[in-house]
Amino acid sequence: MGCAGSTPAKGDVILENTKKLQKPKPWKHTQQITRAQLKQMRDEFWDTAPHYGGQKEIWDALRAAAEADLDLAQAIIDSAGIIIPNADMTLCYDERGAKYELPKYVLSEPTNLIRDS
């Protein structure tokens, strides 16, 4: 007991981060949008998100994870100590229990995105 990988002592509180990250299920925006409009929506969300509470460092880690491929995103989430009860990252918690909700549009593209030709 007491070494890395040992079982926790009685009374230890454990917040498990057992979910493996996945992209959100396909979703459709209320109307067709361009890649530029999607980028603007994302930028506005990330610019205002820290004002709703939580730690700026966690918001920064969530943004980096949302913009990374799944393997890198998993590493970012794990190293920041972020707890993800939903594998798609739409709901996250930090180690202090603060809640972070991410809209699907910052995590993946809608099915009705207008492709640039």
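The secondary structure of this protein comes to 4 helices and 4 strands. Starting from the N terminus, the elements run β-α-α-α-β-β-α-β. Keep in mind that this is a predicted model. Of the 117 residues in the protein, 35% are buried. Among contacts with a separation of 6 or more, 61% link residues 24 or more positions apart.

## Helix α2 and its surroundings

Let's begin with α2, which spans residues 56-66. Its buried residues are I58, W59, A61, L62, A65 and A66. They sit on the same side of the helix, because they cover an arc of only 160° around the axis. Turn to the face pointing away from that buried side and you find K56 and E57, both exposed. What does the buried side of α2 pack against? The buried residues of α2 pack against α1, α3, β2 (91-93), β3 (99-101) and α4.

Two of those partners are helices whose crossings with α2 can be set side by side.

| Helix pair | Axes come within | Crossing angle | Handedness |
|---|---|---|---|
| α1 and α2 | 10 Å | roughly 160° | right-handed |
| α2 and α3 | 8 Å | roughly 165° | left-handed |

Take the α1 and α2 pair to begin with: the axes cross at roughly 160°. That makes α1 roughly antiparallel to α2, since angles over 145 degrees count that way. On the α1 side, D43, F45 and W46 meet W59, L62, R63 and A66 of α2.

Now for the other pair, where the axes of α2 and α3 cross at roughly 165°. So α2 is roughly antiparallel to α3 as well. Here the α2 residues I58, A61, L62, A64 and A65 meet A73, I76, I77 and A80 in α3. L62 turns up in both sets of contacts, meeting α1 residues and α3 residues.

## Helix α3, end to end

Helix α3 covers residues 70-80, and its buried residues are A73, Q74, I76 and I77. Seen down the axis, these fall within an arc of 165°, so they line one face of the helix. The cover over them includes α2. On the other side of α3, D71 and S79 are exposed.

Both ends of this helix have something worth a look. At the start, a side-chain oxygen of D69 reaches to within 3.1 Å of the backbone nitrogen of D71. Just after the helix, G81 takes a positive phi of about 70°.

## R42 and D43 on α1

Helix α1 runs over residues 35-48 and includes R42. D43 is in α1 too. Are these two buried, partly exposed or exposed? R42 is partly exposed, with a relative accessible area of 23%, and D43 is also partly exposed at 23%. The reasoning is simple: partly exposed covers the range between the 20% and 50% cut-offs, so 23% lands there.

R42 makes contacts well along the chain. Leaving aside neighbours within four places in sequence, R42 is in contact with Y105, V106, S108 and E109. R42 and K104 are 62 residues apart along the chain, yet their C-alpha atoms are separated by 9.9 Å.

D43 has a similar long-range link: D43 and V106 are 63 residues apart in sequence, with 8.8 Å between their C-alpha atoms. The side chain of D43 also has two polar partners. One is K39, joined to D43 by a side-chain polar contact of 2.8 Å. The other is R63, at 3.3 Å from side chain to side chain. R63 is one of the α2 residues that meet α1, so to speak a polar spot in that helix pairing.

## N112, in a loop

Last stop is N112, in the loop between α4 (104-107) and β4 (113-114). How does N112 count, buried or exposed? N112 counts as buried, because its relative accessibility is 8%, and the cut-off for buried is under 20%. Which residues does N112 touch, leaving aside neighbours within four places in sequence? They are K28, H29, Q31, Q32 and I33. With Q31 there is a polar link: the backbone oxygen of Q31 lies 3.5 Å from a polar atom of the N112 side chain.

Methods: Residues numbered from 1 in each chain as written. Predicted model: local features only at pLDDT ≥ 70, side-chain atom pairs only at ≥ 80, totals over all residues. Heavy atoms only, no water. Buried < 20%, exposed > 50% of the residue type's maximum accessible area, 1.4 Å probe, protein only. Helix = DSSP H or I, 4+ residues; strand = E, 2+ residues; numbered from the N terminus. Arc of directions from axis to C-beta. Contact = heavy atoms within 4.5 Å. Polar contact = N/O pair within 3.5 Å; in protein donor to acceptor, adjacent residues only side chain to side chain. Axes fitted to C-alpha atoms, helices over the stretch in contact; angles between N-to-C directions. Parallel < 35°, antiparallel > 145°, perpendicular 65-115°, else oblique. Left-handed = near helix turned anticlockwise from the far one by under 90°.
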